[in-house]
Amino acid sequence: MSPWPYKDVRTTVIADVAAMEEVRVFPLSCAVQNYAWGKVGLDSEVAKLVVGGDTSAVIEADKHYAELWMGAHPKGDALIKDNRIAQRTLGQWIADYPACLGSKVKDTFQGQLPFLFKVLSVNTALSIQAHPNRELAGRLHAQFPEHYPDNNHKPEMAVALTHFEGLCGFRPVEEIIGFLKSVPEFHALVGSETAEELVSSRGEAGRTSLALKKCFTRMMNCEKKVFVDQLNMLVKRVTEEAAAGKDTSDSNSELLLRLHSQYPGDIGCFSIYFLNRIVLEPGDAMFLGANEPHAYLNGDCIECMACSDNTVRAGLTPKFIDVNTLCEMLNYSPAPASAKIFPSIQDPSDPFVYLYDPPVPDFTVMRIQVPDSVRQYTVAPVDCAGILLVIEGEATGTSAAALSDITLSRGTVLFISANESVSLHITSPSGMTMYRACSLL
């Protein structure tokens, strides 16, 4: 009798383990978040990508499809769509095979995927918010773990997929002073003395920052009855002026009325007089570093961020707000809206790749735009793991690390281990648009 009567079983098990280690490029099925601010049904880019990636997916016409999470975050760990792999989720697979991250990322980020890649479809405004740096995140997490669940920073980058609108950073002082003059209800909340301090601080950066902090903090700490009364007066005034055919642009009236309809009686409606309104067209980006005040208003975007849930909010939200922490932490450096647009750089080694490389180690985003004249294209290897999302186009992909062909179409999400490439045979007539997130240390 054979010393190992179950030889065939053993061989199969060994072969399966080998296959698991060899399959280092595989498709993912990603988590959808149905937050109330998201676009509804197939108006949502998130919903369209979900259906593209899985034709059996059912999209409900009256449901909000706000975010698609591509990564290993515990609140939305992606499922692996390859039945040769025993692990159900990307997080489990990375925990078992951390070498897939690449040695630098594995060592720097303790065997964790350092970023979360997302698609956002924004119908109504997200909260006025900022994210702490590592030092503040550690303090907030120690003091209030129920509101700040980890000790990591949360830099973010948004790249527009459609016409996209947000608030970001403090406006140039002259613009804020202009609103203090033309919007008496705003002036009432800031106060004459504080407003005068801002006017007299012009030309001295240090004094301007302090005066701006004082103005913003004063407004954010107004008693509710006071700011609700002023907001109602302002909304009534601009509505009547507009009805009478007057130009109300010096009150930023279109945005004011829109936010007030979404969040009536919310102090965040007045933040439009402090913060830049940023408009991005597809491919444009903004980077949100620590302590940068911002709010997304409308549109669809790719977002990449460090793996953290730390958000300090102070308006345009039903969630927990922490006005004192926000006012204390913000970066009070006024700058024009144009300064908030983050440039992409063409990759010198690949004319179809545009890099969005922020000043943090956690992530880099690439836009891969393959023209219709190109039928064969290789997604090049990099020394770190990455996630690839197809926005437009179709192809058949081959990789030594996939063991079988992969069909790519709109909504396909691929995990690509470090140092692996994917060769694409493009079948769509109009080329391909893809986004890739990784951590280029």
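This report describes selected strands, helices, cores and annotated residues of one predicted model.

Residues are numbered from 1 along each chain as its sequence is written, and side-chain values use heavy atoms, with hydrogens and water left out. Because the model is predicted, local features need pLDDT of at least 70 and side-chain atom pairs count only at pLDDT 80 or more, whereas totals for chains, interfaces and linings use all residues.

**Strand β13 and its partners**

Helices (H or I, at least four residues) and strands (E, at least two) are DSSP runs, numbered from the N terminus. Strand β13 is mostly covered, with 12 of its 13 residues buried; buried means under 20% relative accessible area, exposed over 50%, and partly exposed in between, with a 1.4 Å probe and protein chains only. Strands of a sheet pair through backbone hydrogen bonds, either parallel or antiparallel. Here, two strands pair if DSSP finds at least two bridges between them. The table lists pairings of β13 with a bridge partner for each.

| Strand pairing with β13 | Sense | Bridges | Example of opposite residues |
|---|---|---|---|
| β7 (residues 115–122) | antiparallel | 8 bridges | K118 and E303 |
| β9 (residues 156–160) | antiparallel | 5 bridges | V159 and I302 |
| β10 (residues 164–170) | antiparallel | 4 bridges | E165 and N298 |

The loop between β12 (285–288) and β13 (294–306) contains N291. N291 is buried, at a relative accessible area of 15%. Contact means heavy atoms within 4.5 Å. Neighbours within four places in sequence aside, N291 is in contact with A130, H131, P132 and N133, and also with M329, L330 and N331.

**The open sheet**

An open sheet is formed by 8 strands in the order β6-β1-β23-β20-β25-β18-β17-β16, with antiparallel pairing. Its edge strands, β6 (79–80) and β16 (345–347), each pair on one side only. Within this sheet, β18 (residues 364–370) and β25 (residues 432–438) run antiparallel and are joined by 7 bridges. T364 is placed opposite C438 of β25.

The UniProt annotation "domain: Phosphomannose isomerase type I C-terminal", from an unreviewed entry, covers residues 355–396. UniProt positions are given in the numbering used here, feature names are shortened, and annotations may be inferred rather than shown by experiment. Over residues 355–396 the chain is 0% helix and 52% strand, and the end C-alpha atoms lie 24 Å apart.

**The annotated residue R313 and the loop at K319**

The same record type, again an unreviewed UniProt entry, places the annotation "active site" on R313. R313 lies in strand β14 and is buried, with a relative accessible area of 18%. Leaving aside neighbours within four places in sequence, R313 is in contact with S127, I128 and Q129, as well as K319, F320, I321, D322 and V323.

One of these contacts, K319, belongs to the loop between β14 (312–315) and α12 (323–329). K319 counts as partly exposed because its relative accessibility is 47%. The C-alpha atoms of K319 and D357 are separated by 31 Å, with the two residues 38 residues apart along the chain.

**Helix α10**

Helix α10 (residues 224–243) has 20 residues; at 1.5 Å a residue it should span 28 Å, and its end C-alpha atoms are 28 Å apart, which agrees. The expected span is 1.5 Å times one less than the number of residues. Buried residues of α10 are F227, Q230, L231, L234, V235, V238 and E241. They cover an arc of only 140° around the axis, so they lie on the same side of α10; the arc is that of the directions from the helix axis to the C-beta atoms. Among the elements covering these buried residues are α7 (184–190) and α11 (253–262). On the face turned away from the buried side, α10 carries the exposed residues K225, K236 and A243. Just after α10, G245 takes a positive phi of about 85°.

**Nonpolar cores**

A nonpolar core is a set of buried Ala, Val, Leu, Ile, Met, Phe, Trp, Tyr and Cys residues joined through side-chain atoms within 4.5 Å. The largest has 71 residues, of which F117, F415 and L424 touch the most other members. Not counting residues up to four places away in sequence, F415 touches R24, V25, F26, L28, L90, W93, I94, C100, A385, G386 and I387. Apart from this core lies another, of 53 residues, among them I128, F170, C327 and L330.
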